[in-house]
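Me: I'm new to this one. Could you take a close look at the salt bridges for me and walk me through them?

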Amino acid sequence: MKIVLTGAGGQLGQQWQMWADSQTDHTLWAYNSAELDITNPESFDSILGAHEAPDVWINCAAYTHVDQAESQKDVAMRVNGEAPGAIARWCLQHHCRLVHYSTDYVFSGSQKDQSDHPEGYTEDAMTHPLNAYGESKLAGEHAIASTGILDTSNSLLLRVAWLCSPHGRNFVTTMARLATQHPEVRVVDDQTGAPAFCDDVVTQTLALLHAQASGIVHIGSAGQGTWADVADAVFDQARTRGVAHPELTLHRIPTSEYPTPAARPYFSKLSTEKFTTLTGLYPPDWRDSLNRCLADPTIWSSKNS
Ligand SMILES: NC(=O)c1ccc[n+]([C@@H]2O[C@H](COP(=O)([O-])OP(=O)(O)OC[C@H]3O[C@@H](n4cnc5c(N)ncnc54)[C@H](OP(=O)(O)O)[C@@H]3O)[C@@H](O)[C@H]2O)c1
């Protein structure tokens with residue numbers, strides 16, 4: 001496969017580059033935001049025309065600052081809402097498959113939704129974002145859909161939730177750092193979901209490409225837990241490794257005690273049933289993927305600040 005990767009400097013983009021480094025029969029042209037700005041579609045032809053035509057464009061580029069998006073709605077909308085449409089149009093014109101990542105934040109995450117979808121949101125569930133980031137990502141989904149590419153066999157719009165990896169800034173790297181440095185950590189215990197791990201996301205995306213799947217698909221981990229459950233599992237590992245602060249204590253708190261500029265969904269679980277039907281694969285439980293992630297020594301180094 002000949003692949004163009006945008007957003008190559010982000011946590012998922014880095015994971016794709018690590019995958020490509022271990023491949024001999026695939027070519028990946030990776031672009032970070034300085035090399036290819038997805039909000040500048042006039043540049044796509046000249047940048048991508050410098051090499052062979054790609055078979056797939058994997059777009060990991062996004063404006064992901066959820067709280068800042070409340071005060072930077074225009075920027076979030078340009079990157080997340082408009083640019084994916086331009087990428088989809090380029091892909092249609094160049095007979096290139098599109099892989100684009102979206103989020104559970106397109107859903108409201110309400111307690112009613114949780115009781116309607118106890119095993120997780122299905123792909124056709126009603127969208128209703130709670131915050132500006134979610135609105136911008138949903139606008140991106142609509143921009144892609146409006147090009148017609150979702151009606152072809154040439155696109156994958158993949159929703160993921162709670163993305164984590166041993167590199168980059170994410171909940172797991174933050175908890176690993178806090179576990180080693182702080183005696184008391186307060187974590188919300190009334191938001192439920194399942195962390196998706198970047199290496200699983202790459203594996204699952206490849207499985208869907210291999211299966212010639214198309215359209216909207218939810219991927220990630222099996223199982224459910226709260227953010228506090230994830231922190232608890234990280235802290236257990238820190239203690240086992242002997243790197244935990246000697247007085248490390250987890251305080252489970254309600255969301256109301258951790259106010260943020262952007263409202264957060266209470267329920268973030270995505271059903272992966274369609275993924276299993278398409279590929280025959282069952283996603284790993286989040287606790288197994290978390291333990292694999294925590295086995296990476298870089299996660300415990302002070303560089304993860
Ligand atoms: N993180 C999560 O918890 C989560 C959850 C659900 C879904 N997702 C989705 O998963 C995908 C990957 O997320 P991630 O966590 O890997 O994000 P990330 O680490 O924040 O990386 C996003 C990358 O996009 C780049 N970017 C921003 N604006 C750009 C532009 N105009 N042109 C080109 N590149 C640009 C950023 O570059 P600079 O840093 O140089 O700006 C950054 O390297 C995104 O679509 C995200 O919405 C993430």
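Reply: Sure, let's start with Asp-199 and Arg-292, which form a salt bridge with their closest N and O atoms 2.8 Å apart. By salt bridge I mean a side-chain nitrogen of Lys or Arg within 4 Å of a carboxyl oxygen of Asp or Glu. This pair ties together distant parts of the chain, 93 residues apart: Asp-199 sits in helix α7 (residues 198–210) and Arg-292 in helix α10 (residues 286–294). Helices (H or I, at least four residues) and strands (E, at least two) are DSSP runs, numbered from the N terminus. Asp-199 counts as partly exposed because its relative accessibility is 28%, and Arg-292 does so at 38%. Here buried means under 20% relative accessible area, exposed over 50%, and partly exposed in between (1.4 Å probe, protein chains only).

A quick word on the basis: this is a predicted model, where local features need pLDDT of at least 70, side-chain atom pairs count only at pLDDT 80 or more, and totals for chains, interfaces and linings use all residues. Residues are numbered from 1 along each chain as its sequence is written, and side-chain values use heavy atoms, leaving out hydrogens and water.

Now for Glu-141 and Arg-159: their salt bridge has its closest N and O atoms 2.8 Å apart. It links helix α5 (residues 132–146), home of Glu-141, to strand β5 (residues 155–160), home of Arg-159, 18 residues apart. Both Glu-141 and Arg-159 are buried.

In all, the count comes to 11 salt bridges.
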